[in-house]
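Biologist: Please put the structure up so that we can go through it residue by residue. I will ask, and you answer from the coordinates.

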Amino acid sequence: MHFDPTNTKEYKKAYAKLEALKQEMSDAHDKNETDRMYKIDAKIGDYLDELKALQLKIYKKHVAKTFKADDAYMVSLDSKSKTIQILDDFSTSKKEFMMLRNIFLMERHMKYCSLVVTQGCSGLRIVDDTDIVMSGLKLVSGKVLSNIPDNEANERVMPLVKSLKRIDYDMNTFGKPQKLYVFKRPYVLHGQTSEDRFGYGYGTLYGDTTDYMIVGVYF
């Protein structure tokens with residue numbers, strides 16, 4: 001199940017402005033108005049950035065509105081977990097959200113938190129130099145956040161860990177019901193499925209993975 005923020009009324013209304021700018025560019029090109037073309041091109045570049053930000057805003061609202069813990073695909077992750085099987089089962093479950101239960105212990109509140117993962121999002125592209133790998137995530141699961149060493153082995157997962165530490169110390173959850181905290185920006189999670197492995201040599205390269213997104217933490 002994939003939600004596409006570009007297919008919403010809010011986004012389509014904003015996208016109409018881009019179409020208008022493109023039409024202006026075409027008009028300036030036909031009239032050979034070079035200076036005007038440069039100005040319009042700059043406007044288009046700025047507006048494309050605005051549209052990307054709007055996609056993320058719409059998607060975060062969707063996650064906050066539609067996520068229900070009882071309806072998520074629930075799974076535990078530890079060092080012995082078979083991640084390929086987990087992701088295969090998530091895919092066939094047709095659920096939009098997967099919850100990696102009790103994956104870290106938040107030190108200040110002394111309670112476990114769960115990560116909320118989605119099967120990607122049509123139209124939304126998140127670029128992150130520290131993409132997290134499922135096999136690496138399972139090696140640090142179950143630990144107290146402050147006990148996860150900031151070293152080369154954990155380089156990809158540390159941005160997530162540091163974000164969770166800030167949430168732990170900034171938010172007061174004592175005595176409050178469980179809730180979802182949606183990250184300001186999703187974390188990309190790479191994981192290998194049976195389908196990724198099946199196609200070796202037939203269009204799929206060795207080590208190919210499927211992209212997921214860690215969209216929030218539930219505690």
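Modeller: Asn 102 sits in strand β2, and this is a predicted model.

Biologist: What is the phi of Asn 102?
Modeller: Asn 102 belongs to strand β2. At 46% relative accessibility it counts as partly exposed, because that class lies between the buried limit of 20% and the exposed limit of 50%. Asn 102 is a residue other than glycine, yet its phi is positive, near 50°.

Biologist: Is Lys 94 buried or exposed?
Modeller: Lys 94 is found in the loop between α3 and β2, and it follows α3. Lys 94 is not a glycine, although its phi is positive at about 65°. Its relative accessibility is 60%, and the limit is over 50%, so Lys 94 counts as exposed.

Biologist: Which residues of α3 are buried?
Modeller: Helix α3 spans residues 83-93 and is followed by Lys 94. The buried residues of α3 are Thr 83, Ile 84, Ile 86, Leu 87, Asp 88 and Phe 90.

Biologist: Which side chain makes a polar contact with the side chain of Glu 96?
Modeller: Glu 96 lies in the loop between α3 (83-93) and β2 (97-106). Its relative accessibility is 10%, which is under 20%, so Glu 96 counts as buried. In space, Glu 96 and Tyr 73 are 8.2 Å apart, C-alpha to C-alpha, with their positions 23 residues apart in sequence. The polar contact of the Glu 96 side chain, at 2.7 Å, is with the side chain of His 62.

Biologist: Why is β2 described as largely enclosed by the rest of the structure?
Modeller: Strand β2 covers residues 97-106. The description follows from burial: β2 is largely enclosed because, of its ten residues, the number buried is eight.

Biologist: In β2, which residue is the bridge partner of Met 74?
Modeller: Strand β1 (residues 73-76) and β2 run parallel. Four bridges join the two strands. In β2, the partner of Met 74 is Met 99.

Biologist: Which backbone oxygen lies 2.8 Å from a polar atom of the side chain of Ser 141?
Modeller: Ser 141 is placed in the loop between α4 (134-140) and β5 (143-144). It counts as buried because its relative accessibility is 12%. Leaving aside residues up to four places away in sequence, Ser 141 touches Leu 77, Asp 78, Ser 79, Ile 103 and Phe 104. The backbone oxygen of Lys 138 lies 2.9 Å from a polar atom of the Ser 141 side chain, while the oxygen at 2.8 Å is that of Leu 77.

Biologist: Which residues does Thr 8 touch, not counting those up to four places away in sequence?
Modeller: Thr 8 lies in the segment before α1 (9-30). With a relative accessible area of 16%, Thr 8 is buried. Outside its sequence neighbours, Thr 8 touches Phe 3 and Ile 58.

Biologist: How many bridges pair β6 with strand β7?
Modeller: Strand β6 (residues 180-191) is mostly covered, with nine of its twelve residues buried. Strand β4 (residues 132-133) pairs with β6 in the parallel sense over two bridges, and there the β6 partner of Val 133 is His 190. With β7 (residues 210-218) the sense is antiparallel, and Tyr 187 has Ile 214 as its bridge partner in β7. The number of bridges between β6 and β7 is eight.

Biologist: Which element gives the largest share of the lining of the second largest pocket?
Modeller: The second largest pocket has a volume of about 200 Å³. The elements giving two or more residues to its lining are α5 (158-170) and β6. Among the lining residues are Ser 163, Arg 166, Tyr 181, Phe 183 and Tyr 187. The largest share, five residues, comes from β6.

Biologist: How many helices and strands does the protein chain have?
Modeller: Along the sequence, the pattern is α-α-β-α-β-β-β-α-β-α-β-α-β. The secondary structure therefore comes to six helices and seven strands.

Biologist: What percentage of the 219 residues in the protein chain is buried?
Modeller: The chain exposes about 12,900 Å², of which carbon and sulfur atoms supply 50%. Of the contacts with a separation of 6 or more, 70% are between residues 24 or more positions apart. The buried residues make up 44%.

Terms used:
Residues are numbered from 1 along each chain as its sequence is written. This is a predicted model: local features need pLDDT of at least 70, side-chain atom pairs count only at pLDDT 80 or more; totals for chains, interfaces and linings use all residues. Side-chain values use heavy atoms; hydrogens and water are left out. Buried means under 20% relative accessible area, exposed over 50%, partly exposed in between (1.4 Å probe, protein chains only). A polar contact is a pair of N or O atoms within 3.5 Å; within protein, one must be able to donate a hydrogen and the other to accept it, and residues adjacent in sequence count only if both atoms are side-chain atoms. Two strands pair if DSSP finds at least two bridges between them. Contact means heavy atoms within 4.5 Å. Accessible areas come from the Shrake-Rupley method with a 1.4 Å probe; for residues, only the protein chains shown count as cover. On a 1 Å grid over the protein atoms alone, a cavity is a set of points where a 1.4 Å probe fits but cannot get out, and a pocket is an open set with protein on both sides within 12 Å along at least five of seven lines; lining residues have an atom within 4 Å of a point. Grid points are joined across faces, edges and corners, and a volume is the space filled by probe spheres set on the points.
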